[in-house]
Amino acid sequence: MEKILVLDFGGQYNQLIARRVREQSIYAEIKPYNKITVDEIVAEGYKGVIFTGGPNSVYDPASPHFDPAILDAGVPVLGICYGCQLMAYMAGGMVESAEDSSEYGKIDVYAQKNVLFTDVPSKSICWMSHRDYIPHPPKGFTTIAVTDKCPVAAMCDESRKLYGVQFHPEVTHTEYGKHILHNFLYDVCGCAGDWRMDNFIDDTVRELREKIGDKGVVLGLSGGVDSSVAAALISKAVGRQLTCVFVDQGLMRKNEGDFVEETFTKLFDMNFVRINCQDEFLTKLKGLTDPEDKRTVIGTEFYNVFWNKIRESYGSGFFAQGTIYPDRIESGKGDASKIKTHHNQVGVPKDIHFEDVIEPLKDLFKDEVRAVGEKLGLPHDLVWRQPFPGPGLGVRVIGEVTAERVRILQEADAILRDEMDKCGYAKEMSQFFAVLPGVKTVGVMGDSRTYSELVAIRAVTTDDFMTADWAKIPYDILGRVSNRIINEVDKVNRVVYDITSKPPGTVEWE
Ligand code: XMP
């Protein structure tokens, strides 16, 4: 299979670059700049390398650099933003910094005739975000695009197949970014485009059959997209040799546990084991109000319930997980400080000995996982399910979690989802849900005073959940949701809408 290396210098768009390459039917993987050598790049047979952007200046001693031998290794390179400056620097050229040369946002770019700009007009819009710039192309390179402020907006050394662009072709604001990447991948690197989801399914099913043989596989199913698609794929490969264990801790949305059970028992050939254990979870959560304590208890309890079941009957053969590519990518920059503990990956206890761990989706991005899920016949609602925190409603019932408060939240959340689906607005949202803040307020119903729970509505739009905007849901939809929640959900007398973006808020309230 053809592959492209995205060499990460700490830029914020590293995953986006790899996704854009894959959208062109070519497999791309991301590696930090300091975790691979030029010899390894050549030996691995990469068809091309893309240097990402990065926050540094090439003259900063702390800035990430790479072995200049890559420029003569015979592998095509495309440098983007910092990656372009680094290429100039490595080729012996100059990079300068000047306040009045910085460009940010949509900028007109003037492109010359060049293989990189096939089908790109001589004037178009590109997305720029830089302060440093390249005043002259380095020896052996020629300028192939300029902007009003940037004398080298793109450059190339055709003989060595080295290309650099100061702007970001991977973001949609660059009008012809897709064409530019296509030209680099197909016309410079000579790719043919063999990365297709149908091939992926066929190849993976064949590999799974070979690996698993006649042994058993056990998979922890959460009802989320990743573990569901992994289950569907393994079921296609080995049918009833697969056992899915679904721990229903009673903290899912209304009817969700039943939906998951119905989907996997009716649509797929596998053993399905559901463990209903809301009571055990609620007992452990009794009296706890601190979000991190609740997360720890839910994570630990999940671990215990799940592995105790495995110990009973399934502790041999293979263990499968729905790990996806972004779970594994190592970044070219340090980790951000921890805001919340996420308990998604389940380690295998020392006393359980599987032959191996199987992660059939480990190389896929989320949109690819969804495409595979659709092709395997998973219900649309499951494939396009919004993210749902591992601790479930446990972190949306603020304060102590009780059966009654979970029920109230499930009812309110179901109404919100119903209204958002009915008006078609759900598709516009990245994530929306109800929260029970644990605040009681005074109200009046009929002629009587009420003193009941408050429900908050949270809805956000985002590309990556690292930052998010609060969603501008039309007032009439919010009005209908509020009316229905107060009329239909016992013990709720007030609804509010959360208008906090992230940052400073987080998406979840806990
Ligand atoms: P925050 O609240 O950190 O959420 O802005 C960002 C995204 O992560 C989800 N989230 C979690 N997912 N376990 C998870 O699997 C967790 O503990 C958890 N906490 C937050 C959240 O729903 C949002 O999509």
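Which segment does P504 lie in? P504 sits in the segment after β21, and we'll get back to that spot in the last view. The model here is predicted, with local features needing pLDDT of at least 70 and side-chain atom pairs counting only at pLDDT 80 or more, while totals for chains, interfaces and linings use all residues. Residues are numbered from 1 along each chain as its sequence is written, and side-chain values use heavy atoms, with hydrogens and water left out.

**View 1. The second largest pocket, lined by 18 residues.** Rolling a probe the size of a water molecule over the atoms shows where empty space is left. On a 1 Å grid over the protein atoms alone, a pocket is an open set of points with protein on both sides within 12 Å along at least five of seven lines, whereas a cavity is a set of points where a 1.4 Å probe fits but cannot get out; lining residues have an atom within 4 Å of a point. Points are joined across faces, edges and corners, and a volume is the space filled by probe spheres set on them. This pocket holds about 460 Å³ of space. Look for F200, T204, E207, K362 and D363, which lie nearest its centre. Helix α5 (197–212) and strand β16 (356–358) each bring at least two lining residues, and α5 has the largest share, with 7. Helices (H or I, at least four residues) and strands (E, at least two) are DSSP runs, numbered from the N terminus. The lining splits into 8 nonpolar, 2 polar and 8 charged residues. Here Ala, Val, Leu, Ile, Met, Phe, Trp, Tyr, Cys and Pro count as nonpolar, Asp, Glu, Lys and Arg as charged, and the others, Gly among them, as polar.

**View 2. The largest cavity, with a volume of about 50 Å³.** The structure holds just 1 cavity of 30 Å³ or more. Its lining includes V109, F117, C126, F167 and Y176. Strands β6 (103–111) and β7 (123–130) each supply at least two of the lining residues, and β7 gives the most, with 3. By class, you'll find 9 nonpolar residues, 2 polar ones and no charged ones.

**View 3. Where domain 2 meets domain 3.** The domain assignment, which is automatic or from a database, gives domain 1 (3–188), domain 2 (197–383) and domain 3 (402–497). Between domain 2 and domain 3, the centres are 29 Å apart, taken over C-alpha atoms. Contact means heavy atoms within 4.5 Å, and by that rule 7 residues of domain 2 touch 8 of domain 3. The area buried between these two domains is about 620 Å², with carbon and sulfur atoms giving 56%. R253, K254 and L282 supply 72% of what domain 2 buries against domain 3, more than any other three residues. Buried area is the accessible area (1.4 Å probe) that two parts lose on being put together, summed over both.

**View 4. Two salt bridges, K254 with E411 and E44 with K3.** Side chains of opposite charge can pair when their charged atoms come close. A salt bridge is a side-chain nitrogen of Lys or Arg within 4 Å of a carboxyl oxygen of Asp or Glu. The structure has 39 of them, and 1 crosses the interface of domain 2 and domain 3. In the K254–E411 pair, the closest N and O atoms are 3.2 Å apart. For E44 and K3, the N to O distance is 2.6 Å. E44 lies in helix α2 (residues 38–44) and K3 in strand β1 (residues 3–8), so this pair ties together parts that are 41 residues apart in sequence.

**View 5. Some backbone oddities, at C81, P503 and P504.** Most residues other than glycine have a negative phi, and most peptide bonds are trans. C81, in the loop between β4 (77–80) and α3 (82–90), has a positive phi near 55°. The peptide bond joining K502 and P503 is cis, with omega about -15°. Next, the bond from P503 to P504 is cis too, with omega near 15°. P503 lies in the segment after β21 (492–497).
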